[in-house]
Amino acid sequence: MSERLLLSTRKGLFALHEDGGSWRIARHAFAGDNVTLALADARDGRWYAALNLGHFGVKLQCSDDEGASWHEIAAPTYPTGEMLNTGDGKPPVPAALKLLWSLEAGGADEPGRLWAGTIPGGLFRSDDAGESWQLVESLWRQPRRSQWFGGGYDQPGIHSICVDPRDSRRLRIAVSCGGVWQSGDGGESWTLSADGMYAAYMPPELRDDPNIQDPHRMVQCAADPDTLWVQHHNGVFVSRDGARSWQDVPNVPPSVFGFTVAVHPCDPQTAWFVPAVKDECRIPVDAKLVVARTRDGGRSFDSLHEGLPVQAYDLVYRHGLAVSRDGARLAMASTTGGLWLSDDQGDSWRNLSLNLPPVYAVTFA
């Protein structure tokens, strides 16, 4: 099997190619630039890369030749006059794009459609492969959005977008901190869908409020999109009814805290997590990097560590764990530049690099 990996890092985008069982860096684009996210669109083969250039702002690039050349396209832009409530008693400030935090292709029946989630909590849609973008005003003007707040960033952000492969008009998004929302009409209207989650960091009377939950990452099973898994600030949650309700999964070893989750594309019962120490430290538990896997829907877990470092301080970000489209392989990369690959669904890992720049996202292409 020949595959490719896209690594979005603090110092550029790396494209790795498998050749005879070994992996090599085939291309390195945007050297020295902060690449926060990449998308390989399976519909037409186009690659997208999101860059955060600080003073020069957020940029979006695309390639039609697997990274051999790139050209800039439009980045989502908040319309002039849109204001953002900071939630700290201060006057509203003009809304401005701070980070492109999620980028997903539309359905197979929607050529050219892309979805982008941003900080400060806006969802954008493109119908021309990123040449132009429209703010999804139905969500932006949702009255309960005024209660959202930042989780790790100063402003709320949309980091997860799930498009139902059975019905492209059904969307589900996860917001930090703003819970889970879903639309059944292509974004024309929205329903809050985080019942069952809890937020121990809030006062008791707000603990179960679905609108202030902090999901760190949400994924859906391609073969069973009604099954979704969430790594939350306060634990792991699973939904088996299309996000209408969520159940706590309390027995993840060695910790229910983490940032990333991946689900097997064909088996909704199988999911992977990368546990860490909560809040103050943000390092692996006991400084041992492990991956937790369930194969029975969360009733039990394996703690997988063969081939992973036994003394490590690697943190795996929200988009730093990926599963191949057939579910056979996993790729994981960390904030300290480590990259590991598993050919047996996590039972064992092999290290591909320990000296990459900090990695934000991993994508199979």
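Entry 1, terms and cavities. I take a cavity to be a set of grid points where a 1.4 Å probe fits but cannot get out. The model I am looking at is predicted, and with that term fixed I searched it for enclosed space and found two cavities of 30 Å³ or more.

Entry 2, the largest cavity. I looked up its volume, which comes to about 40 Å³, and then its lining, which consists of Gly258, Phe259, Val274, Pro275, Ala276, Pro284, Leu289, Asp314, Leu315 and Val316. Which elements give two or more residues to this lining? They are strand S22, running over 258-263, and strand S23, running over 271-275. Sorting the lining of the largest cavity by class, I noted eight nonpolar residues, one polar residue and one charged residue.

Entry 3, the second largest cavity. I recorded about 30 Å³ of space here, enclosed by a lining made up of Leu13, Ala15, Arg27, His28, Ala29, Trp47, Gly67 and Trp70. Strand S2 (12-19) and strand S3 (22-29) each supply at least two of the residues in this lining, and S3, with three residues, gives the most. By class I noted five nonpolar residues, two polar ones and one charged one in the lining of the second largest cavity.

Entry 4, the largest pocket. I turned from cavities to pockets, and for the largest pocket I noted a volume of about 1300 Å³. How many residues line the largest pocket, and which of them lie nearest its centre? The lining holds 42 residues, and those nearest the centre are Leu39, Glu104, Gln220, Val323 and Arg325. I then listed the elements that give two or more residues to this lining, which are strand S4 (35-40), strand S10 (99-105), strand S14 (157-163), strand S18 (215-220), S22, strand S26 (321-323) and strand S30 (359-364). By class, the lining of the largest pocket divides into 25 nonpolar, ten polar and seven charged residues.

Entry 5, the second largest pocket. I recorded about 390 Å³ of space in this pocket, which is lined by 20 residues, with Leu99, Trp101, Tyr153, Tyr317 and Arg318 nearest its centre. The elements that give two or more residues to the lining of the second largest pocket are S4, S10 and S30, and of these I marked S10, which gives the most with three residues. The classes in this lining are nine nonpolar, eight polar and three charged residues.

Entry 6, the sheet that contains S26. Having met S26 among the elements that line the largest pocket, I looked up its place in a sheet, and found an open sheet of four strands in the order S26-S27-S28-S29, with antiparallel pairing. Which strands stand at the edges of this sheet? They are S26 and strand S29 (350-353), and because each has a single partner strand, one side of each is left without a neighbour in the sheet. I also noted the twist, which averages 20 degrees from one strand to the next.

Entry 7, the pairing of S26. I followed S26 to strand S27 (residues 330-333), with which S26 pairs in the antiparallel sense over three bridges. As a position to check by eye, I wrote down Ala322, which stands opposite Ala331 in S27.

Terms used: Residues numbered from 1 in each chain as written. Predicted model: local features only at pLDDT ≥ 70, side-chain atom pairs only at ≥ 80, totals over all residues. Heavy atoms only, no water. 1 Å grid on protein atoms, 1.4 Å probe; cavity = no way out; pocket = protein on both sides within 12 Å on 5 of 7 lines; lining within 4 Å. Points joined across faces, edges and corners; volume = space filled by probe spheres on them. Nonpolar A, V, L, I, M, F, W, Y, C, P; charged D, E, K, R; others polar. Pairing = 2+ DSSP bridges. Axes fitted to C-alpha atoms, helices over the stretch in contact; angles between N-to-C directions.
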